[in-house]
Amino acid sequence: MPIIIEDICDSMSCTSYFNETPPISPSNVLFALLENNVKNSEIFPNDFIWHLSENETLQDMINTIAIVNWQLIYITSFSNIFQKIDRILFPNHAIKSIGCPGLMIYREEDVLYKRDIDFPGRKLYMSEIISHQVTRELFIGMVTGSWWTDLWLGESLSKLYSHYILDKISGDSQLMELYASQILQQTPHFEINCYMKSLSEYNMLDADKIDIDLCSRWYYNKGYALLYMIEHIVTRDKFQYAVRKYLNKFIFRSATLNDFWSTLQLVFDNGTYQEIRIEEIMDTWLTNRYYPIVQIFHDHHKNLLTYIITGSDNMMPSIWKVPITYETYSNSARHSNSSNILIINSSTGNIVVDKNITFAIFNIKHHGYYRVNYDKGTWLRIATFLNRGTHEIYALNRAQLIDDAYYFMTQGYLLSSIFWKIVKHLQFDKNYIVWYPMFNILSNMWPVLNHPNAEYMKTNVLEMLNGILQELEFKEKDEKDNMSKALRLLAARWACKLGHIKCRMAATSDLFLSFTDPVKNKFPAWWKDWIYCAGMMLGNEDLSQRLFEKYKNTTDVNYMKYLCCAEDIEVLMKNMADLLSLTPTQDKRLKLYRIITKKPHVVKHIMENYLKIDHSW
């Protein structure tokens, strides 16, 4: 709040008098103490940034704040909520962002964008952090939950609305789908791994430090997933209109969850003749832990789809009211049924389909927070359809099929051979959203992929990566689609990591050319890790020496890591000796040993030649 009387000081203390704030919860009060060397820039009237960095580095952040504010006004009709706003940039802050009404604190490195260095997707990351904190001002600062167990609503609405804003800013129709897909795929995994309570039971005051640090955001992500599901039931226009009414009614007041559901129900009922009780549906999702699993059995003789809904943790009959959507497919086409939403409150039932239907896909565009398992025959028919390469199944559902198939395989409910048939189509699927769950799966599989008994898995993965890299190629292109850029880079990294020879040869060639003529063969900064590390995998002594000379003339410690990427054991041992000659301190030596001993063949070599290596090192 603006100061109304300047500091009045005596020998012991100073006193400042501020304008009265609007009514806010004590939990939303925050003080920040800054040193005198922090600069203060007024970016808009009564809107200030406190920073240590140079003013010109703030321009992208300022532009983003302006666009985010404008979009938030457009979506919610709220503007100039607080008399004064202070935004503080702290270098090396432990938290990405935090704030209270009128005060926002950011970790400096997360909201500054360096055009010549940063990957284009980083600007989106920066925008997401800024928009999320701005929307928290609205949903946490203006309306306070009546109970601690209601706080998830404000946090989840903040994240959902930050994604609405970014979707509008980017103009990319797939961005909202990507965000939703990331949350809907990852949250079920963490909900099980964190042994999360139901949302109606979660209270941060009772949570321990591990729960707060590791799991709290997944409660808010689950809230996001449930709001996303309800938004689909009532439509986005009605959902956003209801949120505006809710904010207007409870501005600078406390509200309960029932207040929100009642407002949403009132808007939904206006002109709607469906018997859908939002509060009753949500109660089943908020009071139960985890999520349901919908199991589908297709009887082609009776033309029936039988569903059985159980809990994910105990496989007991469902106690959720589940919004079911599905689309049917024949061998030639998709038959749309996605406008129909069935609110299922029983644990089993049947759906009649036409006799020419080959299979059905449930949970259209992954709007529902549940997994879907199919009978063996249906999984195989879906795999055959996917491998036609026509992409008639929605991207979000192709991604969901991969994530669900992997989950059911790891739980012993699906044969691994079926999983690999499902993901095989990725070799010609250039959609990053569809590849996203596979990159997460590769991260989980990585510890075993190089094991001799995992050759079948590794061969399947390399076949997929080879196919997509033939489509995308290794060179960065001028396309504006950042998702394609991310897909190319991640696919190239994984291919080289798993021994794809063409990938490694391409990286080695680029690395050699960058040394020969760095001006003519300049590459984007975000490809540096791939070119230097993957390039060194086939590197010889000459290439290693060139890189070592570069390392001696720079303060970038990453070059030490790049030199350790060499796969040839003789080259690697020479690089190790050269690096140790420039690494006098014990801490740096230990860091080098940690890098080098992650390679199994290096450990084997050290064990076989221990006395000789110990003497030379």
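**Gln295, the H8/H9 contact and the nonpolar core**

Beyond the residues within four places of it in sequence, Gln295 is in contact with Thr306, Tyr307, Ile308, Thr310, Met315 and Asn373. The model is predicted. The points below cover Gln295, the packing of helix H8 on helix H9, and the largest nonpolar core.

**Gln295**
- Gln295 lies in strand S10, which spans residues 292-299.
- Its relative accessible area is 18%, so Gln295 counts as buried, the cut-off being under 20%.

**Helices H8 and H9**
- Helix H8 covers residues 257-269 and helix H9 covers residues 278-286; their axes are 9 Å apart and the packing angle is about 140°.
- H8 is therefore oblique to H9, because an angle has to be over 145 degrees to count as roughly antiparallel.
- On the H8 side the contact is made by Leu257, Asn258, Trp261, Leu264, Gln265 and Phe268.
- On the H9 side Ile278, Glu279, Met282 and Leu286 take part.
- By type, the residues of this contact are 7 nonpolar, 2 polar and 1 charged.

**Nonpolar core**
- The largest nonpolar core contains 189 residues.
- The residues with the most contacts inside this core are Phe239, Phe260, Trp261, Phe362, Phe419, Met438 and Trp530.
- Helix H6 (residues 209-234) gives the most to the core, with 13 residues.

**Trp261**
- Trp261 belongs to the H8 side of the contact with H9 and is one of the residues with the most contacts inside the core.
- Leaving out residues up to four places away in sequence, Trp261 touches Trp152, Leu227, Ile278, Glu279, Met282 and Leu286.

Definitions and conventions
Residues are numbered from 1 along each chain as its sequence is written. This is a predicted model: local features need pLDDT of at least 70, side-chain atom pairs count only at pLDDT 80 or more; totals for chains, interfaces and linings use all residues. Side-chain values use heavy atoms; hydrogens and water are left out. Helices (H or I, at least four residues) and strands (E, at least two) are DSSP runs, numbered from the N terminus. Buried means under 20% relative accessible area, exposed over 50%, partly exposed in between (1.4 Å probe, protein chains only). Contact means heavy atoms within 4.5 Å. Axes are lines fitted to C-alpha atoms, for helices over the stretch in contact, and angles run from 0 to 180 degrees between N-to-C directions. Angles under 35 degrees count as roughly parallel, over 145 as roughly antiparallel, 65 to 115 as roughly perpendicular and the rest as oblique. Ala, Val, Leu, Ile, Met, Phe, Trp, Tyr, Cys and Pro count as nonpolar, Asp, Glu, Lys and Arg as charged, and the others, Gly among them, as polar. A nonpolar core is a set of buried Ala, Val, Leu, Ile, Met, Phe, Trp, Tyr and Cys residues joined through side-chain atoms within 4.5 Å.
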